[in-house]
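Here's a quick walk through one protein model, from its ligand site out to its overall build. Keep the structure open while you read.

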Amino acid sequence: MPVQRLADIADEGPHQDMASRNVAACLSGASVKFGSFTALEDISLEIGEGEFWTILGPSGCGKSTMLRLVSDLVPTATGNVEILGKTTEAARLAREFAFVFQDATLLPWRSALKNVELPLEMGRKRGLKIPMSDKSPQDLLDLVGLKGREDALPHELSGGMRQRVAIARALVCKPKLLLMDEPFGALDEMTRDHLNLQLRDIWRETGVTILFVTHSIPEAVFLGQKVLMLRANPGRVKQVVDIDLPSEREIALRETPEFNRYCGQLRRLLEEC
Ligand SMILES: Nc1ncnc2c1ncn2[C@@H]1O[C@H](COP(=O)(O)OP(=O)(O)OP(=O)(O)O)[C@@H](O)[C@H]1O
């Protein structure tokens, strides 16, 4: 599958200056309970605007719950969560964030372009003043490498293409925060590699903050500036690992000793969780 790369990206742009960063998400001693079960406990984190965080941890440790907490889908039992200085509810109403799930959840009777336009249409129908990307839905489809496939119906697209439509749809309301829950988990390795490259490009082009849940250690290292390792029972922060790798990431990076050192470090951390 040909990959459309963004040739004109010269540097890290807004992502470079980590010292003077604004905060996209601030969690202070946040816990989540389901009945008497504590899913997340005492989570304190500051995620800077424009940063790319990946989240790893054993099955059931609370990775998805963490995204649901940030996106106002589950309440805090204790502690506090702020998104761009707002409550999670205010951030949700202002459409500060968007979700991409493992399943693209496209409407099967609408074309790729019509699926991308859907959030704008729904906003208009409800009379909501919603933010719009500087890029048109067509531009966003181009950005994710689907130029020429705008009229295709979801069943005419591959799984990877459907996920790209879902990413374009997530970007159409210009979210400041993109929450991605194993979006490439069901795809074959080659397609996943291509989409990893494209996602890095999209991140650098748009400046969006990304929280990305994955089960794959190499994917977490390849994508992230920081890897959040959660441990289980109850879900707590095990460690945040800074990934100090070049900002230009090509697939060949995965064969370097530095990359494999990070993978080894995270594998050992995961074994301790
Ligand atoms: N609505 C709910 N009601 C009760 N328990 C829940 C609910 N949602 C999640 N849980 C529990 O909270 C814990 C964390 O679930 P979560 O889905 O966040 O884990 P995860 O790390 O994303 O798992 P996986 O890696 O397997 O996808 C699990 O024990 C799960 O059973």
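Which residues surround the ligand? In this predicted model, the ligand is ringed by Phe34, Phe37, Ala39, Gly57, Ser59, Gly60, Cys61, Gly62, Lys63, Ser64 and Thr65.

## The ligand shell

Two elements each give two or more residues to that shell: strand 2 (37–48) and helix 1 (63–70). Helix 1 is the top contributor, with three residues. Sorted by class, the shell comes out as four nonpolar, six polar and one charged residues.

## The six-stranded sheet

Now look at the open sheet, which has six strands in the order 6-7-8-3-9-10 and mixed pairing. At its edges sit strand 6 (97–100) and strand 10 (236–242), each of which pairs on one side only. From one strand to the next, the twist averages 20 degrees.

A word on how this works: strands of a sheet pair through backbone hydrogen bonds, either parallel or antiparallel. Here, strand 3 (residues 52–56) and strand 9 (residues 226–231) take the parallel option, over four bridges. If you want a spot to zoom in on, try Ile55, whose bridge partner in strand 9 is Leu228.

There's also a helix to check against this sheet. Helix 5 (residues 159–171) lies across strand 6 and strand 7 (177–181), and runs at about 170 degrees to strand 6.

## Two domains and their contact

The domain assignment splits the protein into domain 1 (32–96 + 176–273) and domain 2 (104–174). Domain 1 is therefore written as two segments, 32–96 and 176–273, in an assignment that comes from an automatic or database source. Taken over C-alpha atoms, the centres of domain 1 and domain 2 are 24 Å apart.

Where they touch, domain 1 puts in eleven residues and domain 2 puts in twelve residues. On the domain 1 side, helix 6 (residues 189–206) gives the most, with five residues. That side of domain 1 breaks down into seven nonpolar, three polar and one charged.

## The whole thing

Stepping back, the protein has eight helices and ten strands. Its radius of gyration is 18 Å, close to the 19 Å that the globule rule gives for 273 residues, so the protein is as compact as a globular protein of that length. Along the principal axes, the C-alpha trace spans about 50 × 50 × 35 Å.

Methods. Residues numbered from 1 in each chain as written. Predicted model: local features only at pLDDT ≥ 70, side-chain atom pairs only at ≥ 80, totals over all residues. Contact = placed C-beta atoms within 7 Å. Nonpolar A, V, L, I, M, F, W, Y, C, P; charged D, E, K, R; others polar. Pairing = 2+ DSSP bridges. Axes fitted to C-alpha atoms, helices over the stretch in contact; angles between N-to-C directions. Near = placed C-beta within 6 Å. Rg over C-alpha atoms; globule rule 2.2 N^0.38 Å.
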